[in-house]
Amino acid sequence: MEIDPLPNGSGSAGTTNPEAAATTTVAAAALKTTPSSKLSQLTESLKLEHQLLRVPFEHYKKTIRANHRTVEKEVSAVISSVAEVADCNEPSKEDTVLNLTSLVSRLQGLKRKLEEGSRTENLQAQRCRARLDHLESVDAENLSEWNNVRLKRILVDYMLRMSYYDTAMKLAENSNIQDLVDIDVFQEAKKVIDALRNQEVGPALAWCVDNKSRLKKSKSKFEFQLRLQEFIELVRAENHMRAILYARRYLAPWGATHLKELQRVMATLAFRSNTECAKYKVLFEPKQWDFLVDQFKQEFCRLYGMTLEPLLNIYLQAGLSALKTPYCYEDDCTKEDPLSQDSFRKLALPLPYSKQHHSKLVCYITKELMDTENPPQVLPNGYVYSTRALKEMAEKNNGNITCPRTGLVCNYSELVKAYIS
């Protein structure tokens with residue numbers, strides 16, 4: 001999955017938005033009471049919390065828009081019904097009672113929807129408030145505890161993105177951080193992802209309708225790709241007439257902007273799903289559904305202002321970028337190096353190598369830096385340790401040295417001093 005140039009979903013660098021301003025305000029308030037020794041660390045921590053506020057804020061706005069549309073639709077229907085009754089010439093008593101009963105029933109239904117919508121809005125507002133309070137609570141004294149909560153938030157985010165919903169919910173409940181994670185938002189995405197994996201486009205198309213204006217604003221092609229896949233499935237089932245009617249209704253409006261892709265898909269009417277022509281064979285492959293799942297995840301993250309990559313990957317890559325060197329990919333890379341593991345190597349693959357101005361030798365025994373004051377010594381088996389560590393070992397063992405890696409025993413006089421250039 002590609003990483004968006006603006007992974008937090010914000011606009012241009014000069015654009016100001018409410019959640020970014022809130023993060024800045026909270027950071028400023030926290031820094032006023034923070035000792036200068038931890039000032040830098042705390043500042044950098046709060047800069048990374050844009051997504052924490054952006055997601056519930058976007059969800060809150062979406063809920064308000066949905067409630068507003070519902071009210072407009074119901075009120076418009078009620079007004080139309082009243083107008084129809086008013087236009088009737090001398091309606092009977094029974095018709096009048098029936099129409100009034102219908103209007104009362106509809107208004108009661110609207111009231112229930114408004115109450116439900118109000119509860120949902122209050123819940124979203126409460127979640128935004130809880131996150132602001134969480135950011136405001138950070139200071140130098142509780143920084144360790146606050147970072148522990150952040151780690152749990154990052155793990156929950158990773159589990160949700162990897163579809164481990166039950167595990168994510170249990171961790172959030174046990175850590176009492178339900179208001180600080182976005183389980184309900186990802187549950188919404190889960191319904192669409194599960195449907196696409198079952199080769200159903202209905203829920204995904206409904207999601208596109210609910211977010212049509214925002215997807216259009218971002219020039220998204222996701223709905224078009226769903227329509228193409230639905231057309232392909234009709235061709236696969238050899239329902240050619242239905243496929244043509246479907247194309248006229250749903251694909252023709254996209255012709256002005258996606259003509260080449262449309263022409264390529266329409267050509268499948270002349271082929272069967274078992275065609276050997278590579279250009280069209282790929283359109284019938286099951287991996288097209290996997291592509292739609294990945295595409296939905298990207299559109300979903302953009303819509304809510306999330307990073308396209310899991311936060312855990314981003315934080316790990318930040319650390320691995322300082323450790324990655326050409327030596328990490330050699331066969332004799334030490335097991336202590338995180339990049340000796342395949343999973344970390346894959347994660348660090350797109351990262352540049354760390355810029356090392358000078359070589360640094362660290363003693364395997366004491367973990368201290370080996371330099372001119374604590375020079376390295378070479379054992380007969382070729383392993384290198386610091387002079388300080390080997391002297392301490394020799395003093396405790398009557399001048400003998402035992403290599404902690406191979407078990408070789410030798411005398412201190414057999415060591416050879418190494419020089420750093």
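**Reading a pocket, some loops and the buried core**

Me: Which element gives the most to the lining of the second largest pocket?

Reply: That's α3, which supplies nine residues of that lining. Keep in mind as we go that this is a predicted model.

Me: What volume does the second largest pocket have?

Reply: About 680 Å³. To find your way around in it, look for the residues closest to its centre: of the 29 that line this pocket, these are H59, K62, T63, A66 and D210.

Me: Which helices each supply at least two residues of the lining?

Reply: α3 (50-87), α4 (93-136), α7 (183-197), α8 (202-210) and α9 (212-217) each do that.

Me: Where does the pocket lie with respect to the domains?

Reply: Check who contributes to the lining. Domain 1 (51-176) and domain 2 (189-308) both give residues to it, so the second largest pocket lies between the two.

Me: How do the lining residues divide into nonpolar, polar and charged?

Reply: Sort them by residue type and you get eight nonpolar, nine polar and twelve charged.

Me: I keep clicking on Q124. Where is it placed, and is it buried or exposed?

Reply: Q124 sits in helix α4. For burial, look at the relative accessible area: under 20% means buried. Q124 has 3%, so it counts as buried.

Me: Which residues does Q124 touch?

Reply: Leave out anything up to four places away in sequence, and Q124 touches P56, H59, Y60, T63 and D184. Two of those names should ring a bell: H59 and T63 are also among the residues closest to the centre of the second largest pocket.

Me: What about H134?

Reply: H134 is in helix α4 too. Its relative accessible area is 10%, so H134 is buried. With the same sequence neighbours left out, H134 touches L52, W146, V149, R153 and L180.

Me: Now the loops. Which value of phi does Q199 have?

Reply: Here you look at the sign of the backbone angle and at the residue type. Phi of Q199 is near 60°, a positive value in a residue other than glycine. You'll find Q199 in the loop between α7 and α8. With a relative accessible area of 44%, Q199 is partly exposed.

Me: Where does E238 lie?

Reply: In the loop between α10 (222-236) and α11 (240-251). Phi of E238 is likewise positive and near 60°, and E238 isn't a glycine either. Its relative accessible area is 48%, so E238 is partly exposed as well.

Me: How many disulfides are there?

Reply: Check how far apart the cysteine sulfurs are; a pair has to be within 2.5 Å to count. By this rule there are zero disulfides. Take C410: the nearest cysteine sulfur, that of C403, is 8.2 Å away, and C410 is in no disulfide.

Me: Are C410 and C363 buried or exposed?

Reply: C410 counts as buried, at 4% relative accessibility. C363 counts as buried too, at 1%.

Me: Let's zoom out. How many helices and strands does the protein have?

Reply: There are 17 helices and seven strands. Of the 421 residues in the protein, 36% are buried.

Me: What share of the contacts joins residues 24 or more positions apart?

Reply: Start from the contacts with a separation of 6 or more. Residues 24 or more positions apart account for 62% of those.

Conventions. Residues are numbered from 1 along each chain as its sequence is written. This is a predicted model: local features need pLDDT of at least 70, side-chain atom pairs count only at pLDDT 80 or more; totals for chains, interfaces and linings use all residues. Side-chain values use heavy atoms; hydrogens and water are left out. On a 1 Å grid over the protein atoms alone, a cavity is a set of points where a 1.4 Å probe fits but cannot get out, and a pocket is an open set with protein on both sides within 12 Å along at least five of seven lines; lining residues have an atom within 4 Å of a point. Grid points are joined across faces, edges and corners, and a volume is the space filled by probe spheres set on the points. Helices (H or I, at least four residues) and strands (E, at least two) are DSSP runs, numbered from the N terminus. Ala, Val, Leu, Ile, Met, Phe, Trp, Tyr, Cys and Pro count as nonpolar, Asp, Glu, Lys and Arg as charged, and the others, Gly among them, as polar. Domain bounds come from an automatic or database domain assignment. Buried means under 20% relative accessible area, exposed over 50%, partly exposed in between (1.4 Å probe, protein chains only). Contact means heavy atoms within 4.5 Å.
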